[in-house]
Amino acid sequence: MSKGPFRAALVAILALALFFGWRAWHDWQRGYDPETVVAASLQGLQEQNILVPFTARYVAVVTSTQSRLGLSAKKTLIMPGTVRYELDLGKLKQSDLDWDAAANALTVTLPPLRLAGPEIDIDAISEYRDGEILLTLTDAEQTLDAANRKRAQEELIKQAKGTTPMRLAQGAARTAIEQSFAMPLKAAGIDAKVTARFAGAPAG
């Protein structure tokens with residue numbers, strides 16, 4: 001048997017092996033492309049739909065008064081409630097991600113936080129009343145109760161929107177999102193800096 005055709009066949013096989021090896025390496029490299037990893041991370045977050053990075057408990061103390069027939073009545077309501085700070089991940093889009101290949105850095109622009117609640121702790125509510133005659137003879141108590149409940153819920157939301165709790169909630173949201181992108185990148189062997197920000201706020 002001539003060695004010429006055998007060697008030619010061997011060279012051809014080796015060439016094919018090298019070609020397929022190169023294709024496999026190329027596909028592997030593409031699988032770890034930063035933008036591919038980032039896109040997969042975005043899809044995973046979108047599937048979660050809602051992220052609750054922060055919750056806080058507040059207490060509203062409100063007082064309502066009423067005067068009728070020369071008499072007066074007053075009721076004070078102490079109402080605790082919990083507010084959730086939610087991030088709608090479904091609103092996070094590809095256009096909100098800015099990958100800087102030169103700096104190996106990703107900036108994520110987040111949708112605004114939204115408040116859910118308050119969830120009232122019924123068992124912890126306290127009430128104080130004054131003006132028994134008017135409360136007993138008229139519907140003043142129902143009127144005062146309705147006014148207090150409305151004002152108390154408004155007060156809980158007002159507290160939840162305060163500078164300090166909003167700063168804490170936004171900080172928790174940024175940290176959660178940064179980790180959600182940074183961890184897959186690190187697992188893929190990509191050392192990248194991830195910064196999450198809210199629209200209108202400076203990066204970092």
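1. Start with the hairpin. In this predicted model, strands E1 (50–68) and E2 (71–88) pair in the antiparallel sense, with 17 bridges between them. If you want a register check, take Thr65, whose bridge partner in E2 is Lys74. The connection has 2 residues between the strands, and in that turn Leu69 has a positive phi of about 55°.

2. E2 has further partners. It pairs with E6 in the antiparallel sense over 5 bridges, and there the bridge partner of Thr76 is Tyr128. E2 also pairs with E5, again antiparallel and over 5 bridges; for that pairing, look at Glu86, which is bridged to Arg114 in E5.

3. Now to what sits against these strands. Helix H4 (residues 140–160) has 21 residues and reaches 30 Å from its first C-alpha to its last, close to the 30 Å expected at 1.5 Å a residue. Its buried residues are Ala140, Leu144, Asp145, Asn148, Ala152, Leu156 and Ala160. They lie on the same side of H4, because the arc they cover around the axis is only 140°. Gln142, Lys150 and Lys158, on the other side of H4, are exposed. Note that Asp145 and Asn148 are on the buried list too.

4. What covers that buried side of H4? The cover includes strands E1, E2, E5 (114–120) and E6 (126–130), along with helices H3 (132–137) and H5. Val62 gives you a close-up of this packing. Val62 belongs to strand E1 and counts as buried because its relative accessible area is 5%, under the 20% cut-off. Leaving aside neighbours within four places in sequence, Val62 is in contact with Lys75, Thr76, Leu77, Asn148, Arg151 and Ala152. Two of those names, Asn148 and Ala152, are also among the buried residues of H4. As for Arg151, 89 residues separate it from Val62 in sequence, yet the two C-alpha atoms are 6.8 Å apart.

5. There is also a separate sheet worth a look. E3, E4 and E7 form an open sheet of 3 strands, in the order E3-E4-E7, with mixed pairing. E3 (97–100) and E7 (193–198) are the edge strands: each has a single partner strand, so one side of each is left without a neighbour in the sheet. From one strand to the next, the twist averages 15°. E4 (residues 105–110) and E7 run parallel, joined by 6 bridges. Among those positions, Thr109 has Arg197 in E7 as its bridge partner. Helix H5 (residues 163–187) packs on this sheet and touches E3, E4 and E7, its direction making about 150° with that of E7.

6. H5 itself deserves a point. Its end C-alpha atoms are 36 Å apart, which agrees with the 36 Å that its 25 residues should span at 1.5 Å a residue. Buried along H5 are Pro165, Met166, Ala169, Gly171, Ala173, Ile177, Phe181 and Leu185. Just past the helix, Gly189 takes a positive phi of about 80°.

7. On the interior: the largest nonpolar core has 37 residues, and those touching the most other members are Tyr85, Leu87, Leu106, Val108, Leu110, Ile177 and Phe181. Helix H2 (34–48), E1, E2, E3, E4, H4, H5 and E7 each give two or more residues to this core. Which element gives the largest share? That is H5, with 6 residues. For a single view of the core, try Val108. Beyond its neighbours within four places in sequence, Val108 is in contact with Leu92, Asp96, Leu97, Ile177, Phe181, Val194, Thr195, Ala196 and Arg197. Another core lies apart from the largest one and has 5 residues, among them Ala73, Leu135, Ala140 and Leu144.

8. Finally, the overall picture. The protein has 5 helices and 7 strands, running α-α-β-β-β-β-β-β-α-α-α-β from the N terminus on. Of its 204 residues, 32% are buried. Among contacts with a separation of 6 or more, 78% are between residues 24 or more positions apart. The Val62–Arg151 contact from point 4 is one you can inspect directly.

Terms used: Residues numbered from 1 in each chain as written. Predicted model: local features only at pLDDT ≥ 70, side-chain atom pairs only at ≥ 80, totals over all residues. Heavy atoms only, no water. Pairing = 2+ DSSP bridges. Helix = DSSP H or I, 4+ residues; strand = E, 2+ residues; numbered from the N terminus. Axes fitted to C-alpha atoms, helices over the stretch in contact; angles between N-to-C directions. Contact = heavy atoms within 4.5 Å. Expected span 1.5 Å × (residues − 1). Buried < 20%, exposed > 50% of the residue type's maximum accessible area, 1.4 Å probe, protein only. Arc of directions from axis to C-beta. Core = buried A, V, L, I, M, F, W, Y, C linked by side-chain atoms within 4.5 Å.
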